[in-house]
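Hi,

Here's the model I promised to pass on. Have a look at it first, and then read my notes underneath.

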Amino acid sequence: MIIHNQKPNLATLLFAYKGTIIAIIWPKVLFTVLLSSLVVMTHGTLYDYKLVLTATPFTLWGLTLAIFLGFRNTVAYQRFWEARTLWGEVLVVARNLTRQTLTLLPDLPAAQQRVLSYRVAAFAYVMRDCQRGQAIGEEAAALLPAQELKELQDSDNAPNMLLLRMSQAFVAAFRQQGVDSILLAGVEQQVNRLSYVHGGCERIKSTPIPYPYILMLHRFVHIYCFLLPFCLVDSIGWLTPFVVCVLAYTFFGLDALGDQIADPFDTQPNDLALDAMSRNIEINVRMLLGEQALPQGVEARDGVLL
Amino acid sequence: MIIHNQKPNLATLLFAYKGTIIAIIWPKVLFTVLLSSLVVMTHGTLYDYKLVLTATPFTLWGLTLAIFLGFRNTVAYQRFWEARTLWGEVLVVARNLTRQTLTLLPDLPAAQQRVLSYRVAAFAYVMRDCQRGQAIGEEAAALLPAQELKELQDSDNAPNMLLLRMSQAFVAAFRQQGVDSILLAGVEQQVNRLSYVHGGCERIKSTPIPYPYILMLHRFVHIYCFLLPFCLVDSIGWLTPFVVCVLAYTFFGLDALGDQIADPFDTQPNDLALDAMSRNIEINVRMLLGEQALPQGVEARDGVLL
Amino acid sequence: MIIHNQKPNLATLLFAYKGTIIAIIWPKVLFTVLLSSLVVMTHGTLYDYKLVLTATPFTLWGLTLAIFLGFRNTVAYQRFWEARTLWGEVLVVARNLTRQTLTLLPDLPAAQQRVLSYRVAAFAYVMRDCQRGQAIGEEAAALLPAQELKELQDSDNAPNMLLLRMSQAFVAAFRQQGVDSILLAGVEQQVNRLSYVHGGCERIKSTPIPYPYILMLHRFVHIYCFLLPFCLVDSIGWLTPFVVCVLAYTFFGLDALGDQIADPFDTQPNDLALDAMSRNIEINVRMLLGEQALPQGVEARDGVLL
Amino acid sequence: MIIHNQKPNLATLLFAYKGTIIAIIWPKVLFTVLLSSLVVMTHGTLYDYKLVLTATPFTLWGLTLAIFLGFRNTVAYQRFWEARTLWGEVLVVARNLTRQTLTLLPDLPAAQQRVLSYRVAAFAYVMRDCQRGQAIGEEAAALLPAQELKELQDSDNAPNMLLLRMSQAFVAAFRQQGVDSILLAGVEQQVNRLSYVHGGCERIKSTPIPYPYILMLHRFVHIYCFLLPFCLVDSIGWLTPFVVCVLAYTFFGLDALGDQIADPFDTQPNDLALDAMSRNIEINVRMLLGEQALPQGVEARDGVLL
Amino acid sequence: MIIHNQKPNLATLLFAYKGTIIAIIWPKVLFTVLLSSLVVMTHGTLYDYKLVLTATPFTLWGLTLAIFLGFRNTVAYQRFWEARTLWGEVLVVARNLTRQTLTLLPDLPAAQQRVLSYRVAAFAYVMRDCQRGQAIGEEAAALLPAQELKELQDSDNAPNMLLLRMSQAFVAAFRQQGVDSILLAGVEQQVNRLSYVHGGCERIKSTPIPYPYILMLHRFVHIYCFLLPFCLVDSIGWLTPFVVCVLAYTFFGLDALGDQIADPFDTQPNDLALDAMSRNIEINVRMLLGEQALPQGVEARDGVLL
């Protein structure tokens with residue numbers, strides 16, 4: 001996630017480069033500009049053959065592009081926001097489970113309360129590692145019993161296995177403290193929510209936007225941008241490269257941004273800040289447990305928070 | 001579902017053919033291109049009668065097409081995504097039920113736990129077979145008691161019958177273990193979720209997008225693409241077939257893609273990967289039960305995962 | 001609901017007439033075509049006064065029409081789909097209640113189980129009859145105790161009254177069998193869902209899309225189609241009637257289709273297949289009860305399933 | 001809510017005036033038409049200065065207007081429909097609570113059952129009066145114990161206070177009848193739904209669409225309609241007033257309609273029929289209680305149901 | 001939130017300035033107008049070089065702008081409305097918890113009931129202070145036990161800590177009064193709702209719309225507005241500054257408004273009225289407790305309610 005101050009000044013808005021999408025698309029945009037310049041220089045002539053293109057095809061194509069880009073954009077953002085909402089729920093559930101551990105099991109020794117709650121905090125780290133396809137990191141390791149950690153590392157689906165252990169531990173603790181099934185059912189419901197979040201993130205990750213959409217859009221945008229100079233050269237001359245550049249910037253930019261946020265669990269600049277969110281969950285759990293020495297929140301590097 | 005690597009290079013994006021929608025629509029697109037070429041050759045004259053078409057009709061038609069295509073696209077994708085979400089819930093519920101079997105019925109013999117959980121895994125296969133209109137396959141057969149399998153094969157609505165047996169088995173197990181109704185009610189709620197998923201998928205399958213939408217859109221797109229050359233020929237000459245080709249590709253492509261994803265339970269390239277998802281469910285259930293020899297996940301064939 | 005095979009051939013798509021929206025709108029379209037022809041014959045002259053219309057008004061009007069038609073279309077479809085979803089829930093709940101009758105009240109005599117479950121199946125028929133404003137039909141009568149049927153026939157709101165009797169019967173049966181309140185509460189929740197579905201359908205039926213939308217759209221579409229020939233006649237001559245015809249077909253067609261699906265409980269070709277759905281519910285309930293002689297599903301007549 | 005027969009004939013659609021939005025906007029439309037006529041008469045000349053406006057500004061403005069109007073329209077309708085859905089839930093909950101009073105408290109004296117249920121029916125009237133900013137009317141007064149009515153009339157938030165009394169009465173009745181907490185919790189959940197509905201309606205009422213949207217849209221529409229004649233006069237002459245009139249009708253009409261339905265609790269023609277809905281709730285409650293003499297439903301006056 | 005009377009007259013609509021978005025964007029708009037005037041004076045010539053721009057680039061750009069602005073607008077409003085809905089739920093839950101305190105714990109001493117309910121009211125203030133990044137104010141302080149207040153002031157996440165104390169107090173009170181777990185579970189569910197609201201608001205606050213959207217939109221709008229005069233100057237002359245002014249007003253206005261409502265917890269004129277809402281919650285809680293001397297609601301200052 002790119003961090004920026006809320007009221008950037010005009011200069012920032014117009015000339016910012018770092019962390020923006022330009023860093024990714026500039027070769028394409030540059031190529032388009034060079035191509036346009038070439039077209040202007042040759043007056044739209046290709047091997048002595050004058051390519052005549054009126055505005056009509058671009059107007060007609062434009063409508064289709066509008067549908068395509070609008071649709072793709074909306075769907076990509078919905079995926080991004082659903083993923084964010086699911087992760088937001090991990091925070092909420094982690095707080096609820098920690099709170100309920102403290103309020104419903106007040107006589108449980110503090111150490112046991114801590115083990116129960118730490119496991120919930122670890123879930124966020126484990127889920128992040130799983131979504132990013134990396135091994136379970138040290139952060140989760142520090143929060144989990146050694147034996148469970150080993151088991152998770154061997155598992156094909158660590159978050160799922162962790163939920164099993166979490167559930168077993170809560171059942172055992174409630175039974176041990178003689179708390180009735182009704183309150184246990186409430187806790188089990190929260191564990192189900194975590195299971196739902198985990199499944200929802202897997203769904204987003206494993207089901208991309210149908211490939212033909214991406215393919216058609218890519219092709220269309222390229223054809224559009226590469227042919228546009230032939231249409232404009234006769235009427236606006238040397239302004240052609242500039243006009244094409246602006247259009248290429250937005251088209252390629254929207255496309256690249258859509259790629260990033262449609263699969264928000266990666267570590268690209270506009271992806272979700274999973275590191276920061278899971279650290280925040282740990283901090284919240286520890287805070288509720290009354291710990292004084294809380295870990296630091298993750299900070300942005302080069303304006304990007306991951 | 002078409003599998004592709006996340007960062008396809010430019011060549012792939014521009015020239016990929018296998019698994020794309022072009023494999024389906026190329027005859028129509030080719031026909032349109034040939035027709036356009038013919039129009040260019042005859043200078044838009046039909047039996048000595050010059051068909052004069054300005055851009056105005058196409059601009060006016062274009063707006064309607066935009067509404068149509070945008071609407072159809074959105075609705076088709078919503079159906080696709082709702083179906084995916086429903087199937088995603090089967091995974092979540094299968095995990096929850098297996099987990100609850102293990103945590104709430106810890107003293108049940110492992111063999112009985114396995115029968116309970118296998119039935120949940122079998123549900124995914126049975127639902128898939130039902131949605132694809134095929135007989136119950138070997139995968140489900142291997143997970144179900146022989147007698148129940150027979151009953152399901154004779155049933156008109158096997159998933160529904162399976163839920164009855166699942167529910168009865170859970171009630172019997174909970175009663176046998178003396179677990180109270182509160183925790184049983186939680187399990188029953190999960191079974192209700194499966195019932196909801198099954199009903200939701202039947203809803204999508206049995207209620208297509210109202211036929212006149214499809215019909216009007218098809219007709220409109222064809223008329224549009226077949227008349228467009230007469231409008232363009234006088235201004236852009238031999239570029240006409242190319243311009244028409246690009247438009248025909250996107251219009252027919254969007255149309256064909258919409259057809260595929262609006263009914264996502266089939267086995268066309270862009271349909272949901274029901275095989276892979278139900279196999280994944282089985283793997284997850286077995287993993288939670290602590291089995292070591294897990295089945296292999298389904299792999300993509302020719303880039304298509306089903 | 002219009003039934004069609006999933007892969008209609010091109011001829012069907014282009015020339016299908018039966019069951020399509022054309023059967024309703026052809027007089028208007030024909031009138032528009034005739035009017036256009038007249039305009040072409042008189043070269044756009046009305047009583048020696050030449051009506052000059054450029055494309056500008058139509059382009060400007062077009063944007064507004066796009067907003068209107070898109071909005072109306074979306075809202076109509078949302079109503080259609082919400083109604084379908086609500087009806088889909090009746091099926092799910094009917095299955096759940098039948099299943100729970102069998103699993104939670106296993107010792108209840110089969111005859112009593114049947115009465116309880118039949119009442120749920122009857123609910124679908126009664127709700128359909130209520131929504132279509134017709135008397136309670138034979139299908140419901142065959143499933144209900146004679147006395148209750150009489151009471152429902154006298155009632156102003158039969159589905160509501162039926163839910164009261166259903167709820168009372170379940171409470172009585174649970175109390176009689178000594179099942180605890182927790183499982184009864186689950187059943188009561190399902191009855192509440194039926195109540196919610198009934199209320200939701202009443203909401204859709206009693207609250208049409210605000211009338212001025214319909215009125216403005218109708219007026220606008222008519223003016224647009226009737227004036228368009230004057231704009232086109234000078235540039236495209238005898239192609240005018242054809243261009244206007246295509247536009248009139250889609251505008252009037254979208255309008256008529258929107259009318260049908262916005263109020264989906266009627267018996268027009270594109271309305272919901274309430275007969276088929278309620279029959280399906282009865283079949284499902286009977287199947288779960290283990291009956292062998294199941295009723296036939298409703299079949300489409302002339303390609304229309306109601 | 002404007003009542004109309006479902007299949008209005010063409011004449012009605014084209015010439016209906018009563019209850020339509022025209023009754024509100026005709027002065028503005030007339031002014032626009034007069035202005036256009038003046039422009040035509042002076043050939044677009046203002047104090048010897050010829051105002052030359054091409055179509056380009058209007059095409060560019062048009063896109064922005066499309067975004068604006070589409071957005072505003074959608075948001076206004078969403079508010080309308082959410083309010084309708086919330087009110088629809090009052091009906092559902094009123095039925096549920098009455099039904100549960102009868103089924104879960106079967107031994108409660110009928111008079112006490114009636115008091116409990118009447119209070120639920122009164123809630124609808126009290127909420128309506130509160131939303132319309134009027135004193136609690138006779139309809140609610142007839143359904144409530146005299147002392148409670150007094151208390152409500154003195155209260156700043158009568159619906160909220162009524163829910164407290166409702167809840168207390170249910171708790172007392174359940175305790176008195178010795179019904180367990182589980183079923184009481186179900187009733188309490190329904191009361192929470194009423195609380196949610198009340199809060200939701202307050203939310204819609206107290207938070208209008210952000211004012212700048214309304215302001216910008218208003219200004220833009222006025223400028224657009226007042227300048228348009230200068231653009232059209234040279235090309236279409238005396239058709240200008242007509243074209244502008246049609247556009248002004250839809251723009252001002254959409255705007256006025258949006259105003260009405262965005263705040264749907266008023267008593268304007270297109271607002272929600274709160275009178276009819278709350279009366280319907282009373283009828284349903286009385287019907288379930290088995291009363292024979294049911295009140296009449298509210299009827300439309302001059303085609304408007306309130 | 002800007003307060004305005006529901007039926008502003010025409011003069012207000014056209015000339016209102018205070019509290020509108022113009023107060024923020026006028027420098028940019030003015031600059032655009034001055035630039036346009038300069039362009040008209042020099043007839044579009046830059047250093048003797050005539051910048052020729054046809055309408056085509058603006059038409060093509062326009063479509064992209066439409067996608068951008070529409071998307072951004074919709075997303076910003078969704079964030080605004082979700083935040084409002086979440087806050088609306090605090091009111092509902094506060095009422096529910098106060099009501100349940102009174103009905104389920106009728107024998108608890110009034111002083112203790114008051115402490116329980118005041119804590120709920122304080123939650124709204126604490127959450128507001130937290131969202132606005134300010135210290136816990138006097139309003140919350142007056143409602144909380146001194147010791148808890150101290151603890152909250154020291155906490156990194158005061159609302160979260162307050163929920164822990166709230167939950168503990170409810171559990172203690174229910175246990176003390178011997179009320180069963182079922183009703184306590186209902187209360188705990190309400191506390192979970194508060195936790196969900198708190199997490200939801202944090203989600204909106206911590207995850208802005210992806211920065212590249214904002215950046216691209218800003219840049220595009222500026223380029224568009226600054227180049228437009230060169231396109232218009234030849235055809236409409238001195239009307240250019242006016243046309244550009246109107247467009248700049250809406251583009252910059254939409255942009256600025258989007259900025260405000262996308263992050264609705266600030267204290268800008270169009271942000272949510274958190275002060276008024278939390279005061280209203282306190283009033284409602286006190287009213288239910290039967291207090292006579294209720295605090296005044298927050299009033300608008302200069303037409304702005306915060």
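A quick word on handedness before the rest: a crossing counts as right-handed if the near helix is turned clockwise from the far one by less than a right angle, and as left-handed if anticlockwise. By that rule, H3(D) and H4(D) cross in a right-handed way. Keep in mind that this is a predicted model.

Now for that helix pair. H3 covers residues 55-104 of chain D and H4 covers residues 110-131 of chain D; they pack at about 170 degrees, their axes 8 Å apart. Angles over 145 degrees count as roughly antiparallel, so H3(D) is roughly antiparallel to H4(D). On the H3(D) side the contact includes Trp87(D), Val90(D) and Leu97(D), and H4(D) brings in, among others, Leu116(D), Phe123(D) and Arg128(D). Sorted by class, the contact has 10 nonpolar residues, five polar and one charged.

Next, symmetry. A turn of 72 degrees with a shift of 0.0 Å along the axis lays chain D on chain E, with an RMSD of 0.0 Å. The two copies are therefore related as by a five-fold rotation axis. Which residue of chain D comes closest to the rotation axis? It's Ile182(D), with its C-alpha at 5.4 Å. Only 5% of chain D's interface residues are also interface residues in chain E, so the copies meet through different surfaces.

Last, chain A: an unreviewed UniProt entry lists residues 21-39 and 51-71 as "transmembrane region". In the model, residues 21-39 of chain A are 95% helix, with end C-alpha atoms 27 Å apart. Residues 51-71 of chain A are 76% helix, and their end C-alpha atoms lie 32 Å apart.

Cheers

Notes:
Residues are numbered from 1 along each chain as its sequence is written. Chains are lettered from A and ligands numbered from 1 in the order in which they are written. This is a predicted model: local features need pLDDT of at least 70, side-chain atom pairs count only at pLDDT 80 or more; totals for chains, interfaces and linings use all residues. Side-chain values use heavy atoms; hydrogens and water are left out. Axes are lines fitted to C-alpha atoms, for helices over the stretch in contact, and angles run from 0 to 180 degrees between N-to-C directions. Helices (H or I, at least four residues) and strands (E, at least two) are DSSP runs, numbered from the N terminus. Angles under 35 degrees count as roughly parallel, over 145 as roughly antiparallel, 65 to 115 as roughly perpendicular and the rest as oblique. Contact means heavy atoms within 4.5 Å. Ala, Val, Leu, Ile, Met, Phe, Trp, Tyr, Cys and Pro count as nonpolar, Asp, Glu, Lys and Arg as charged, and the others, Gly among them, as polar. UniProt positions are given in the numbering used here, feature names are shortened, and annotations may be inferred rather than shown by experiment. Copies are superposed by least squares on the C-alpha atoms of residues with pLDDT of at least 70 in both.
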